[in-house]
Amino acid sequence: TKVGIDAGGTLTKIAYQTNGSIRYQSVPSADMEYTVEWLSSQLDNPDVCVTGGKSELLTKKWQAPAKTMVEFDATTKGIEFLANHQDQALVEPFLFVNVGTGTSIHVVNDGKQERTGGSGIGGGTLMGLAQLTTGIHDYKQIVQLAGNGNRGNVDLKVKDIFEGTLSPISGDLTASNFGKTEKMAAYAPENADILASITGMIGEVIVSITIPTAMQYNVDQMVYIGSSFRMNRLLRETVSKYTIMLEKTPIFLEKGEYSGAVGAMLSI
Ligand code: ADP
């Protein structure tokens, strides 16, 4: 069995081929022992290629031979494969934005990627700020609550400032993330509202830092990947809305968070 593994800061993503179809599995990176156990117990004669920041940690525990690969190249290969299989035409140059624990931005041209930037604002920021502000640690609980929250109880919109007068920009834009301090002093926001605002801020920052790169490289398509979009409709919607507003085309690939693992698998 061909197995591609992307051992990231938070999650280890595994893609493997059985009977012609690809299967996907992810496990916490904190538990490498489990990953290695899973590999040996679930898969027959695995032929392994590892990528990602924690590759070395994994290959050390995995006693059998394993190939390694540069993560960014694996991700590019995986994105092209997934897009192709989902009938999603990608036109070069395009950008991919990997929202993992942190965020990494890349431009792809002639099948080659170049990293153009990144940010510490990513999925880890959601987990950390959620923990600090609400005490909630569970990812599923965080995204579910965020999906039901009301950002209007926390964030200040342009129209909140320009009460009644015509504003020079859309009143619906966020004027100040977490800026509705007067209202918050009067009514403490619910955990759901706080989590929605954290999610919204992360989405807005990601698009804001990516757009200048899209302009610089004359790119139209922005491919958003990473486990941070998993089950997280609010993040996807925020990123999508802001990307469209800035006249670019957002693309979300199914299983996009497995791009690195798929690329590693394909290189065996
Ligand atoms: P990395 O490669 O850095 O591990 P990922 O693309 O796997 O990054 O994304 C990690 C992020 O995905 C987390 O910070 C969190 O926001 C989100 N996430 C999705 N599913 C889970 C989960 N089951 N447990 C923890 N975080 C998750």
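This is a quick talk about the ligand site in the structure above, plus two backbone details.

Okay, ground rules. It's a predicted model, where local features need pLDDT of at least 70 and side-chain atom pairs count only at pLDDT 80 or more, while totals for chains, interfaces and linings use all residues. Residues are numbered from 1 along each chain as its sequence is written, and side-chain values use heavy atoms, with hydrogens and water left out.

So, the ligand. It's surrounded by 15 residues, counting a residue as near if one of its heavy atoms lies within 4 Å. The closest are Thr-10, Leu-11, Lys-13, Thr-101 and Ser-227. By class, that shell has three nonpolar, 10 polar and two charged residues; Ala, Val, Leu, Ile, Met, Phe, Trp, Tyr, Cys and Pro count as nonpolar, Asp, Glu, Lys and Arg as charged, and the others, Gly among them, as polar.

Now the polar contacts, meaning pairs of N or O atoms within 3.5 Å. Leu-11 puts a backbone N or O atom 2.9 Å from a ligand oxygen. For Gly-123 the backbone distance to a ligand oxygen is 3.1 Å, and for Gly-124 it's 3.2 Å. On its own the ligand has 570 Å² of accessible area, and the protein covers 83% of that (Shrake-Rupley, 1.4 Å probe).

Which elements give two or more residues to the shell? Strand 2 (11-18) and helix 4 (123-134), with helix 4 giving the largest share, three residues. Those are DSSP runs, H or I of at least four residues for helices and E of at least two for strands. Domain 1 (2-87 + 258-266) and domain 2 (119-252) both contribute to the shell, so the ligand lies between them; the bounds come from an automatic or database assignment.

Last, the backbone. Glu-92 to Pro-93 is a cis peptide bond, omega near -5 degrees, and Pro-93 is in the loop between helix 3 (71-85) and strand 6 (94-99). Asn-45, a non-glycine, has a positive phi, near 45 degrees. You'll find Asn-45 in the loop between helix 1 (32-42) and strand 4 (47-51).

Note on methods
A polar contact is a pair of N or O atoms within 3.5 Å; within protein, one must be able to donate a hydrogen and the other to accept it, and residues adjacent in sequence count only if both atoms are side-chain atoms.
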